[in-house]
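These entries record what I looked up in the model, in the order in which I looked. I took the pairing between chains as the starting point and worked outwards to the rest.

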Amino acid sequence: MATNLSGTEQRLVDEFQRDLPLVERPFAAVAERLGIDEATVLAMLGRLLADGVISRVGAVVEPHAAGWSTLAAMAVPDWALPQIADFVSSFPEVNHNYEREHHLNLWFVVTAPSPERVRQVLATIEYRTGVPVLDLPLEEAFRLDLGFRLQWH
Amino acid sequence: MALSAADRRLLAAIETGLPLVPRPFLVVGERIGLTEAEVIEGLRSLLARGVLRRLGIVVRHHELGYRANAMTVWDVPDEMVRDAAARLVALPFVTLCYRRPRRLPLWPYNLFCMIHGRDRARVEAEIEEATRAAGLMGLPRAVLFSRRRFKQQGARYTAGWPAQGEAGWTTSIAGS
């Protein structure tokens, strides 16, 4: 299981979710802060990536700064949920897709370069499944950051 | 906020993450005809302008054991939302908090709060604490724990961008 991280790996993952040093050799700067060498940091990141513990070292874009997104919800009968969920997931614009404990049981995020394309995806899903799709775009963000401090146990 | 063609090229070039090499900004620059210094300055500018929320390691929480993931929603009178939200985000365990539109009659809730935890009982206790701390007792509320994860990946913006490369890029937006 992925929680079998060494102490140094835990620090690496926890402390560098933001503020990757903007210098020519960022991983050397990270290594120095952790008291290890650059090659070790690169090897650790490669392993964490391969194990799926991290999805990348890169950027998190502000919502609506570079495109449009919305949160959508559907009330899908249990018997149809696997097929409809797969259909929803098949859109490249759908990045999160979860079942949740509610009458509205399928929740997904649609992201695209424009609001028009987002609406087109929702309309297509509604038309093809016959299930109404609720469009719940962000109106105001009070906290939007998954780069929180991790608890290891 | 307006993005230039150069901004979009740079965003597209780092879509799937930085290359894990000693000089990643040099490699990114080589792909799009920029110097290493121009890439670093471009990223600094995108961060300063708020286009990028952060630059660093993007964690997959589910794989780290964060399986108790609750979306709690309330129907809060519009004039109370900001005050309640300010109290919610003061709690260290609240990871996301935002306002979305009601869709009556199916969906009467307008204030959303996410708590990502390892243990369901603990998250349930945190939801009660959040409800009290934000003064939301007695208001209509629903708690939607996640059950099955069908898909989770970075968001894609560049499909259809004029300067798009051959591959769609993925960069997650924070908690959209």
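**Entry 1: strand pairing at β5(B)**

I began with H96(A), which stands opposite Q152(B) in β5(B). The model is a predicted one, and I read each entry below with that in mind. The pair belongs to an antiparallel arrangement in which 4 bridges join strand β3 (residues 94–100) of chain A to β5(B).

I then asked which strand of chain B is joined to β5(B). I found that strand β2 (residues 68–74) of chain B runs antiparallel to β5(B), with 5 bridges between them. Within this pairing I noted V73(B), whose opposite residue in β5(B) is A142(B). β5(B) is thus bridged to β3 of chain A and also to β2 of chain B.

**Entry 2: strand β1 of each chain**

Next I looked up strand β1 (residues 54–61) of chain A, which pairs with β1(B) in the antiparallel sense over 7 bridges. I located two of the facing positions. I54(A) has V59(B) as its bridge partner in β1(B), and V57(A) stands opposite I57(B).

I also checked how far β1(B) is enclosed. Its range is residues 52–59, and 8 of the 8 residues are buried, so the strand is largely enclosed by the rest of the structure.

**Entry 3: the side of chain B that touches chain A**

How many residues of chain B are in contact with chain A? I recorded 70 residues of chain B, in contact with 69 residues of chain A. The elements of chain B that give two or more residues to this side are α2, α3, β1, α4 (81–89), β3 (96–99) and β5 (141–152). β5(B) gives the most, with 10 residues. By class, I noted 38 nonpolar, 16 polar and 16 charged residues on this side of chain B.

**Entry 4: L20(A)**

I turned to a single residue, L20(A), in the loop between α1 (7–15) and α2 of chain A. Is L20(A) buried or exposed? It counts as buried, because it has 21 C-beta neighbours inside 10 Å, and the cut-off for a buried residue is 20 or more.

I listed the contacts of L20(A), leaving aside neighbours within four places in sequence: P26(A) and V57(A) in chain A, and L55(B) and G56(B) in chain B. V57(A) had already appeared in Entry 2, where it stands opposite I57(B). I also looked up the separation of L20(A) from E9(A): the two are 11 residues apart in sequence, and their C-alpha atoms are 16 Å apart in space.

**Entry 5: helices α2 and α3 in each chain**

I treated the helix packing chain by chain. Two packed helices are described by the angle between their axes and the distance between the axes, so I noted both quantities.

In chain A, the axes of helix α2 (residues 26–34) and helix α3 (residues 38–50) come within 8 Å and cross at roughly 100°. α2(A) is therefore roughly perpendicular to α3(A). From α2(A) the contact uses F27(A), A28(A), V30(A) and A31(A), and from α3(A) it uses E38(A), T40(A), V41(A) and L42(A). These residues divide into 6 nonpolar, 1 polar and 1 charged.

In chain B, helix α2 (residues 24–32) and helix α3 (residues 36–48) pack at an angle of about 100°, and their axes are 8 Å apart. α2(B) and α3(B) are therefore roughly perpendicular to each other. I found F25(B), L26(B), V28(B) and G29(B) of α2(B) meeting E36(B), E38(B), V39(B) and I40(B) of α3(B). This contact has 5 nonpolar, 1 polar and 2 charged residues.

**Entry 6: domains and overall make-up**

I recorded the domain assignments next. Chain A has domain 1 (2–50) and domain 2 (68–136), and the centres of these two domains, taken over C-alpha atoms, are separated by 36 Å. Chain B is divided into domain 1 (5–48) and domain 2 (61–145), with C-alpha centres 37 Å apart.

To close, I looked up the make-up of chain B. I noted 5 helices and 5 strands, which follow the pattern α-α-α-β-β-α-β-β-α-β along the sequence. Of the 176 residues in chain B, 44% are buried. Among contacts in chain B with a separation of 6 or more, 58% involve residues 24 or more positions apart.

Terms used
Residues are numbered from 1 along each chain as its sequence is written. Chains are lettered from A and ligands numbered from 1 in the order in which they are written. This is a predicted model: local features need pLDDT of at least 70, side-chain atom pairs count only at pLDDT 80 or more; totals for chains, interfaces and linings use all residues. Axes are lines fitted to C-alpha atoms, for helices over the stretch in contact, and angles run from 0 to 180 degrees between N-to-C directions. Angles under 35 degrees count as roughly parallel, over 145 as roughly antiparallel, 65 to 115 as roughly perpendicular and the rest as oblique. Two residues are in contact if their C-beta atoms, placed from the backbone, lie within 7 Å. Ala, Val, Leu, Ile, Met, Phe, Trp, Tyr, Cys and Pro count as nonpolar, Asp, Glu, Lys and Arg as charged, and the others, Gly among them, as polar. A residue is buried if 20 or more other C-beta atoms lie within 10 Å of its own, exposed if 12 or fewer, and partly exposed in between; C-beta atoms are placed from the backbone. Two strands pair if DSSP finds at least two bridges between them. Domain bounds come from an automatic or database domain assignment.
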